Amino acid sequence: MKDDTGIIFLDYRQPLAIWELLFGLLKAGTFEGKRVTVEGWYRRSPTPYIEIKTIECDGKVRRSWVPALNRFTAILILAGGVGWAAVEWLRQM
């Protein structure tokens, strides 16, 4: 993507690589030459980029599910750890 200051590198990841492939093949071309609104996180690196949460173009909003999947995985791991600790605690009583 390009804005008034130059080129912006975007990272539009999905939980499964096949979704990324399908997006690249079928949907990415629909954004060429159009005005879009991108919401996400600015990441500093040798080449800064934006990790996309949503892209809005022509009234349609496309969403990256990676942040939601990351939260779900963290909650699942936390619940598993608390459950394991509770079982160990009860076993020692």
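**Note on salt bridges, a core and a buried serine**

1. Arg-91 and Glu-88 form a salt bridge, with 3.4 Å between the closest N and O atoms. The model is a predicted one. Both residues belong to helix H2 and sit three residues apart, about one turn of the helix. Arg-91 is exposed, at a relative accessible area of 60%, whereas Glu-88 counts as partly exposed at 23%.

2. The pair just described belongs to a short list: a search of the whole structure finds three salt bridges. As general background, side chains of opposite charge can pair when their charged atoms come close.

3. Asp-58 and Lys-34 form another salt bridge, the closest N and O atoms being 3.0 Å apart. This pair links distant parts of the chain, with the two positions 24 residues apart in numbering. Asp-58 is in the loop between E5 and E6. Lys-34 is in the loop between helix H1 (17-27) and strand E4 (37-43). With a relative accessible area of 56%, Asp-58 is classed as exposed because the cut-off for that class is over 50%. Lys-34, at 38%, is partly exposed.

4. Glu-51 forms a salt bridge with Arg-43, and here the closest N and O atoms are 3.1 Å apart. What is the relative accessible area of Glu-51? The value is 21%, so Glu-51 is partly exposed, given that buried means under 20%. Arg-43 is also partly exposed, with a relative accessible area of 33%.

5. Turning to the interior, the largest nonpolar core has six residues in all: Tyr-12, Phe-23, Phe-31, Ile-52, Ile-55 and Cys-57. Which strand gives the largest share of this core? That is strand E5 (residues 49-57), with three residues.

6. Ser-64 lies in the loop between strand E6 (60-63) and helix H2 (66-92). Is Ser-64 buried or exposed? Its relative accessible area is 4%, so Ser-64 is buried, the limit being under 20%.

7. The surroundings of Ser-64 can be listed as well. Setting aside neighbours within four places in sequence, Ser-64 is in contact with Tyr-12, Arg-13, Gln-14, Ile-52 and Lys-53. Among these contacts, Tyr-12 and Ile-52 are also members of the largest nonpolar core.

Technical notes: Residues are numbered from 1 along each chain as its sequence is written. This is a predicted model: local features need pLDDT of at least 70, side-chain atom pairs count only at pLDDT 80 or more; totals for chains, interfaces and linings use all residues. Side-chain values use heavy atoms; hydrogens and water are left out. A nonpolar core is a set of buried Ala, Val, Leu, Ile, Met, Phe, Trp, Tyr and Cys residues joined through side-chain atoms within 4.5 Å. Buried means under 20% relative accessible area, exposed over 50%, partly exposed in between (1.4 Å probe, protein chains only). Helices (H or I, at least four residues) and strands (E, at least two) are DSSP runs, numbered from the N terminus. Contact means heavy atoms within 4.5 Å. A salt bridge is a side-chain nitrogen of Lys or Arg within 4 Å of a carboxyl oxygen of Asp or Glu.
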